[in-house]
Amino acid sequence: MLQFTKNFNCCKTVTCESFGDSESKHYIHRSERLGYLSTECTLCGSHPPWINNQLIKEVLAEKLGQYFGQKVVGCKQCRPYFFDNASPAEKLHGFTSAGTQRKRCAQCRAIFTLPAFKNIDALKKVLTCLVEKKEIKAAIKESGLAARLYYFYLNKLALIFANFSRLNEQQVLHREYLGIHSEGRFFELAHQRGFYALFSAEIDSGYILLQSNNLTKLTFLDTFIYHETENTMLDNIDSNDIEAVLLGRYQGILKRNHFEQLIIGNAKPIAKCHAIYPDKAVYVHFQLLRLMTANATRYEHYIEHESVLRAASLMSSLADIKKGTANIYYFLPFISEDHQLSGKKLGWWNDIWFSNKLGAFSALTGKLKRDPTFNLQKGSAIEDFYCYLKGNLNNNVNSKKVIDDSSEVFRVLYNYCHIEHTQTPACSLGLAHQVYRPEQLLEIAIKQLTEQQ
């Protein structure tokens, strides 16, 4: 099983001797010298904010099970998560009293029952309501299902699509090189409710690999629950000058109490769940990405120009950065032919920036030459999916479960059914050979999962 980072309280300055070393003798732990709790590194003078490791561990376990652990095929004892190596061999092991096939794992000898995909018509009705953007009450009425059954089949639909996509992804992402692009967005719902979401896409196809949010069913002390009205999210400055835009964003970061103080304004809570602070959600999201990068010999991560994404991505890829098999870059989508950057030092940290037709980029690890290699091919992938999801997700939703299930269905529909430049992201990534209609995709997914049995 892949081991996740356990201690995030360390120096996050890449060039410092103490970078990533949580046991360094050069720290003043839990320092408050700058007015906030931090790990003070006496070697480089940095003060990365103190992270509650236990909170990250608990939320990570919850999200790991949610996004990678709800397998409907295969042994859940030996290989409970997708991307965690190949599944062991299985043998037929009779039937249940209801006539459902059972199997025994050849490795741990656990016995499990194969899933039965029943009432396909109900699944199709729920899918149609989602595609047609029906309000929840109207969707329940039009489907002819009781409210409880509507939500039940919505969850089943999300499980089928998620399993279908993960089985395909873990095959194609086992490769020599993988490039990932990640950004965060705020979703504002009706009645001032809202949540912060993270998205990660494959850089050539724009295929959405992972989406997560800051909503949790776990209970924490009130100090860890989001209850802010301020907004420190960085805006894209209205200017045709890329240098002015970047400097404006750096100024926005400097106005915060500390560099990782990412808060999203007034966002009233969703019913029966809590929202953690966005910076903690970022750490969790990037740890989850390790399941996907672990099967690539080398990888590059292009992240939003945002300090907390910088810190979280460095911690996620720490061992690979030190081995020289991973590199992290800032990337800011920006289309302008008038102003170009070629090795310009900008900001508090004198980050070296370059630009091309897609936007501006700066290496957070390694070095960029005067004529740098830039592998990201589709700079608008996150914004495209955000607009798609925002346009399809029910604005009146007030349930974490419905948000999670609906978002996962839309992730798969976007990847396999949404056409960009004559083909879908799944086609571009090599996961599909044609554009599917939503109902057709459901049939294909059920067929593939049945064959996996």
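**Close-up 1. Helix H1 packs against helix H6 in this predicted model.** Let's start with a helix pair: H1 covers residues 53-68 and H6 covers residues 278-288. Their axes lie 9 Å apart and meet at an angle of about 50 degrees. An angle of that size makes H1 oblique to H6, and the crossing of H1 past H6 is right-handed. On the H1 side, the contact is made by Leu55, Ile56, Val59, Leu60, Lys63, Leu64, Tyr67 and Phe68. H6 answers with Lys280, Tyr283, Val284, Gln287 and Leu288. Sorted by class, the residues of this contact are 10 nonpolar, 1 polar and 2 charged.

**Close-up 2. Helix H10 packs against helix H11.** Here is a second pair to look at, with H10 running over residues 381-392 and H11 over residues 400-417. The angle between them is about 125 degrees, and their axes are 10 Å apart. H10 is therefore oblique to H11. H10 passes H11 in a right-handed crossing. If you would like to pick out the side of H10 that takes part, look for Ala381, Asp384, Phe385, Tyr388, Leu389 and Asn392. Their partners on H11 are Ser407, Phe410, Arg411, Leu413 and Tyr414. The contact of H10 with H11 has 7 nonpolar, 2 polar and 2 charged residues.

**Close-up 3. The largest cavity is lined in part by H11.** This view stays with H11 and turns to an enclosed space with a volume of about 90 Å³. The structure holds 4 cavities of 30 Å³ or more. Around the largest cavity you will find Cys129, Leu130, Lys133, Lys134, Ile136 and Tyr150, together with Asn392, Leu393, Asn394, Val402, Ser406 and Phe410. Two of these names are familiar from the helix pair above: Asn392 of H10 and Phe410 of H11. Helix H2 (120-131) and H11 each supply at least two lining residues, and H11 gives the most, with 3 residues. By class, the lining of the largest cavity comprises 7 nonpolar, 3 polar and 2 charged residues.

**Close-up 4. The second largest cavity holds about 50 Å³ of space.** Its lining is made by Ile180, Phe286, Leu289, Arg290, Thr293, Tyr299, His301, Ser316 and Ser317. Helix H7 (290-293) supplies at least two of the lining residues, and so does strand E11 (296-304). The lining of this second largest cavity has 4 nonpolar, 4 polar and 1 charged residues.

**Close-up 5. The largest pocket has a volume of about 1,000 Å³.** This pocket is lined by 35 residues. To find its centre, look for Thr13, Val14, Arg310, Trp349 and Asp351, which are the closest to it. Two helices, H5 (242-254) and H8 (307-316), each give two or more residues to the lining, as do strands E14 (351-355) and E15 (359-363). The lining of the largest pocket divides into 17 nonpolar, 12 polar and 6 charged residues.

**Close-up 6. The second largest pocket contains about 560 Å³ of space.** Lining this pocket are 21 residues, and Pro49, Trp50, His258, Asp279 and Lys280 lie nearest its centre. You have already met Lys280, which belongs to the H6 side of the contact with H1. The residues lining the second largest pocket are 10 nonpolar, 6 polar and 5 charged.

Conventions:
Residues are numbered from 1 along each chain as its sequence is written. This is a predicted model: local features need pLDDT of at least 70, side-chain atom pairs count only at pLDDT 80 or more; totals for chains, interfaces and linings use all residues. Side-chain values use heavy atoms; hydrogens and water are left out. Axes are lines fitted to C-alpha atoms, for helices over the stretch in contact, and angles run from 0 to 180 degrees between N-to-C directions. Helices (H or I, at least four residues) and strands (E, at least two) are DSSP runs, numbered from the N terminus. Angles under 35 degrees count as roughly parallel, over 145 as roughly antiparallel, 65 to 115 as roughly perpendicular and the rest as oblique. A crossing is left-handed if the near helix is turned anticlockwise from the far one by less than a right angle, and right-handed if clockwise. Contact means heavy atoms within 4.5 Å. Ala, Val, Leu, Ile, Met, Phe, Trp, Tyr, Cys and Pro count as nonpolar, Asp, Glu, Lys and Arg as charged, and the others, Gly among them, as polar. On a 1 Å grid over the protein atoms alone, a cavity is a set of points where a 1.4 Å probe fits but cannot get out, and a pocket is an open set with protein on both sides within 12 Å along at least five of seven lines; lining residues have an atom within 4 Å of a point. Grid points are joined across faces, edges and corners, and a volume is the space filled by probe spheres set on the points.
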